[in-house]
Amino acid sequence: MMVLRRLLRKRWVLGVVFGLSLIYFLTSTLKQEERTIRDRTLLEVRDSDHRIPWKVRFNLGNSSRQITQCRNSIQGKTLLTDELGYVCERKDLLVNGCCNVNAPSTRQYICKSCLANGCCSIYEYCVSCCLQPDKQPLLERFLNRAAEGFQNLFTAVEDHFELCLAKCRTSSQSVQHENTYRNPQAKYCYGESPPELLPV
């Protein structure tokens, strides 16, 4: 008789635990489903009603304008590009962040190492080439097409220089099979299309 009571008590406890677990599971699942529906609805409303405006202000790079400080591409070991489109050696960078335009190796809007499709083998030349005033229509076309897929990435961009810095960085468009470059000789691209695949 004692054994039967213990057995019934254990089954009763197990039944209560199972019942509570089932109730918890069902309520959690329903809450998650409600959240998913709400988030989907919010996304649809935001996408259709609130287009994020692009903040890019194109600067035509008039080198005669007065400038006291320059932003530059910072990370290059030997070369840097400033926001006016000048490429210089690191040793020729002035204290204000601008390239010394009087240094013999400093060049503006240089596309050395860049192919016709806008892909370059050297990052600093990619940025400089991208800053050419005649590249504005190409960049505007890119921004208009990217408005759907890359809103979060490019809405943080404030001007032409920042756009070129971001565009020339290697991206998923530059690689194939997630681990090899489509074209290792020209992996920095400001153009509309990804780098061409090199023949194997």
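Is Leu20 buried or exposed, and what is its relative accessibility? Leu20 counts as exposed, because its relative accessibility is 54% and the cut-off for exposed is over 50%. The model is predicted.

**Helix 1 and its patch**

Leu20 belongs to helix 1, which covers residues 2-49. Leu20 also contributes to a nonpolar surface patch of about 600 Å². The other contributors are Trp12, Val13, Val16, Val17 and Ile23. In general, an α-helix has 3.6 residues a turn, so residues three or four places apart point the same way.

**The sheet**

Three strands form an open sheet. Their order is 1-2-3, and the pairing is antiparallel. Strand 1 and strand 3 stand at the edges. Each has a single partner strand, so one side of each is left without a neighbour in the sheet. Helix 2, residues 123-130, packs on this sheet. Helix 2 touches strand 1, strand 2 and strand 3. The direction of helix 2 makes about 20° with that of strand 1.

Strand 2 and strand 3 run antiparallel and are joined by 2 bridges. Tyr86 has Gln108 in strand 3 as its bridge partner.

| Strand | Residues |
|---|---|
| Strand 1 | residues 79-81 |
| Strand 2 | residues 86-89 |
| Strand 3 | residues 107-108 |

**Helix 5**

Helix 5 spans residues 160-168 and is mostly covered. Of its 9 residues, 7 are buried. These are His160, Phe161, Leu163, Cys164, Leu165, Lys167 and Cys168. Lys167 is thus listed among the buried residues of helix 5, whereas Leu20 in helix 1 counts as exposed.

Conventions: Residues are numbered from 1 along each chain as its sequence is written. This is a predicted model: local features need pLDDT of at least 70, side-chain atom pairs count only at pLDDT 80 or more; totals for chains, interfaces and linings use all residues. Side-chain values use heavy atoms; hydrogens and water are left out. Patches are made of residues with over 30% relative accessible area and no salt bridge: like charges are joined within 9 Å, nonpolar side chains (Val, Leu, Ile, Met, Phe, Trp, Tyr) within 5 Å. Accessible areas come from the Shrake-Rupley method with a 1.4 Å probe; for residues, only the protein chains shown count as cover. A salt bridge is a side-chain nitrogen of Lys or Arg within 4 Å of a carboxyl oxygen of Asp or Glu. Helices (H or I, at least four residues) and strands (E, at least two) are DSSP runs, numbered from the N terminus. Buried means under 20% relative accessible area, exposed over 50%, partly exposed in between (1.4 Å probe, protein chains only). Two strands pair if DSSP finds at least two bridges between them. Contact means heavy atoms within 4.5 Å. Axes are lines fitted to C-alpha atoms, for helices over the stretch in contact, and angles run from 0 to 180 degrees between N-to-C directions.
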